[in-house]
Amino acid sequence: MSVPGSGSGGDDNSSLPHGLSSKTPFLNLKLYVVIAIILTCAALLWLDPFGLQRDRGDRRSGSKRNIEKQEGKFVKETEIVVVDDIEVGKKKSSVEEESDDVSAGKSSDVSADIGWGRWYSLRELEIATRGFTEENVIGEGGYGVVYRGVLNDGSVVAVKNLLNNKGQAEKEFKVEVEAIGKVKHKNLVGLIGYCAEGAQRMLVYEYVENGNLEQWLHGDVGPVSPLTWDVRMKIAVGTAKGLAYLHEGLEPKVVHRDVKSSNILLNKNWNPKVSDFGLAKLLGSEASYVTTRVMGTFGYVSPEYASTGMLNEGSDVYSFGVLLMELITGRSPIDYSRPAGEMNLVDWFKGMVASRRGEELVDPLIEVQPPSRALKRALLVCLRCIDLDAHKRPKMGQIVHMLEAEDFPFRAEHRPPQRESLIPRMKLYLIKFHIQPNVLGEKMQRDYDRDKCCEFKAYTVHTLLVHILL
C-alpha cells in the first residue's frame, strides 16, 4: 500500500539541484552562478564605506606627517607643546581642514588665541613684510633676521625669522616662548604671536621705532650725541628695571644671558626695552645656578661663567655693568682699533678710576658734562657690578635703587663713623700696593672687621674709593 503524497515529496527533493543547475536568461549562466555574483556584489557594497574611510584617514595622516618638523614636538595642526601651563600650537579643527589650502599658498586668516598672543600663517607674514624683502630688514644676527611688517589691521610689528641651523630655530623658538610668552613689562619687548609652519619658525614682536642702543652709541650721530647724560641714565635705569623683573618678579626666574647694547631697543621717548631672549635660561627657586654651554657676546660675558659654565643672575649683573660703562664712555666693550691698553673696556675703565681720571671716562660726544655726584654714583655702580666675586655683586633691584636715588650712596646717615680717618689708609694702600678697587675693598673690609669700629657694608668701600680717586 502506498502512502498518499510520498511521490510528490520525492519529486521536490530531486528538483532543487536540478533548478540550481538550470540555465537562466542572464548571459545564459546557471542559476547558482548568478546567485553567487549577487551575493559577492552585496558583500562588496557593504564593506566599501569602511575602505573609503580608511583611505581618507590614511590621506589625512599622511598630510599631517608632511607638515611635521623632523625634530619635532611642535606641529602646526594637532601637536601640543605645554609651556608654563599654556598650550602652544593647539589649533581649532577648522584649521586642520584648511591645512591643505595653507600649504598650497592660499591666504588663511584663521588664528588661535592662546592667552598671550596669536598664531599667524606664513602667508600673513609674507604679505606684512612684502615677501621678506631686504628693504624691510631692521635687524640681523646669528640666529635670524628681523623684518618690519604691517598687518592687515594696520599695526606695525617686528617679525623675527629664525634661521634653522642644526635645529637652532626650534630651540630658540621654544626658549623665547617659555621666557617671555606671558611676560608684560614696560621695559621688556612684547611678544605678540608666532608662526610655525613646516620648518619655518617666526616670532612676532611689538615694533620699537627708534632702533637699538648700539646704533646710537657707536653709529654716526654727528659731533654731539643726542644721548645726553640724563637720557643715558634713563636708559640704564629702565634696562635695570627690566632685568630686575626677570630675576626677581618671575618664577622661575629668567637669566637673559645676552645683555648688550644691540639688544636694548629704544622708543621715540628713549625708553628702553630689553629684547632677544633666544639665549635665556630659566632658573628655578631651588637652584642657585645652572651649568650650561657658554653662550653670549665677547666682552659682556662674566669671568666665572666663561671659565666654569655656571650661570646665574650674577652673570647678567656683570653684563649690565659693562653696558653701563658703555653708556658712560661711548666705547665698545672690545675695540681692536684702540691702543693695546684701551682695547678692553673693563680693564681700561678700572685703570682710569685707579689713576683718579674718572672725569676723562665720560663720552666726549656728551655736550653737557654730568654733575660730579651723578658721575660718582654711576662709577660706583659699575665697580660693584663687575666685582670678580659674583656673590658681592648687587641684585638688579638694588642697582635700580642705587641709580634712581639722587643722593645715594652719599647720605649722611649711611656714612660710617670715623670715615675721614680711613682716607689716609686707603691712599696708602693705593700708593704702596697698586691694587685694584675690588682688592682694596677686601683689605678695608678686613681692617674694619679687625678694628670693630662700625658695621661695614660692601658699598661703603667703593663709595670712599670714588671720593678719593675723583
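These questions and answers cover cysteines, one helix and salt bridges in a predicted model.

Trainee: How many disulfides does the structure hold?
Mentor: A disulfide needs two cysteine sulfur atoms within 2.5 Å. Cysteine 382 is in no disulfide, with the nearest cysteine sulfur, that of cysteine 385, 6.9 Å away. The number of disulfides in the structure is zero.

Trainee: Is cysteine 382 buried or exposed?
Mentor: Buried means under 20% relative accessible area. Cysteine 382 has 0% relative accessibility, so it counts as buried.

Trainee: What class does cysteine 41 fall into?
Mentor: The class between the cut-offs runs from 20% to 50% relative accessible area. Cysteine 41 has a relative accessible area of 40%, so it is partly exposed.

Trainee: How many of the 10 residues of helix α11 are buried?
Mentor: Helix α11 covers residues 345–354. Its buried residues include Trp348, Phe349 and Met352. Lys350 is also one of them. The helix is largely enclosed by the rest of the structure, because the buried residues number seven.

Trainee: Which residue caps the N-terminal end of α11?
Mentor: Look for a side-chain oxygen by the backbone nitrogen of valine 346. The two atoms lie 3.0 Å apart. The capping residue is asparagine 344.

Trainee: Which residue just after α11 takes a positive phi?
Mentor: Helix α11 ends at residue 354. The phi in question is about 60 degrees. It belongs to arginine 356.

Trainee: How far apart are the closest N and O atoms of arginine 130 and glutamate 135?
Mentor: Arginine 130 is exposed, at a relative accessible area of 62%. Glutamate 135 also counts as exposed, at 62%. A salt bridge requires the atoms to be within 4 Å. This pair forms one, at 3.9 Å.

Trainee: Which residue forms a salt bridge with glutamate 304?
Mentor: Glutamate 304 lies in helix α9, and its partner sits in the loop between α12 and α13. The pair therefore ties together parts that are 89 residues apart in sequence. Both partners are buried. With closest N and O atoms 2.8 Å apart, the partner is arginine 393.

Trainee: With which residue does the side chain of arginine 357 meet in a salt bridge?
Mentor: Arginine 357 counts as partly exposed, at 37% relative accessibility. Its partner is also partly exposed, at 47%. The N to O distance is 2.8 Å, and the partner is glutamate 360.

Trainee: Which residues do salt bridges that share partners join into one network?
Mentor: The count for the structure is 14 salt bridges. Shared partners link some residues into one network. Its members are Lys253, Glu313 and Lys395.

Conventions:
Residues numbered from 1 in each chain as written. Predicted model: local features only at pLDDT ≥ 70, side-chain atom pairs only at ≥ 80, totals over all residues. Heavy atoms only, no water. Buried < 20%, exposed > 50% of the residue type's maximum accessible area, 1.4 Å probe, protein only. Helix = DSSP H or I, 4+ residues; strand = E, 2+ residues; numbered from the N terminus. Polar contact = N/O pair within 3.5 Å; in protein donor to acceptor, adjacent residues only side chain to side chain.
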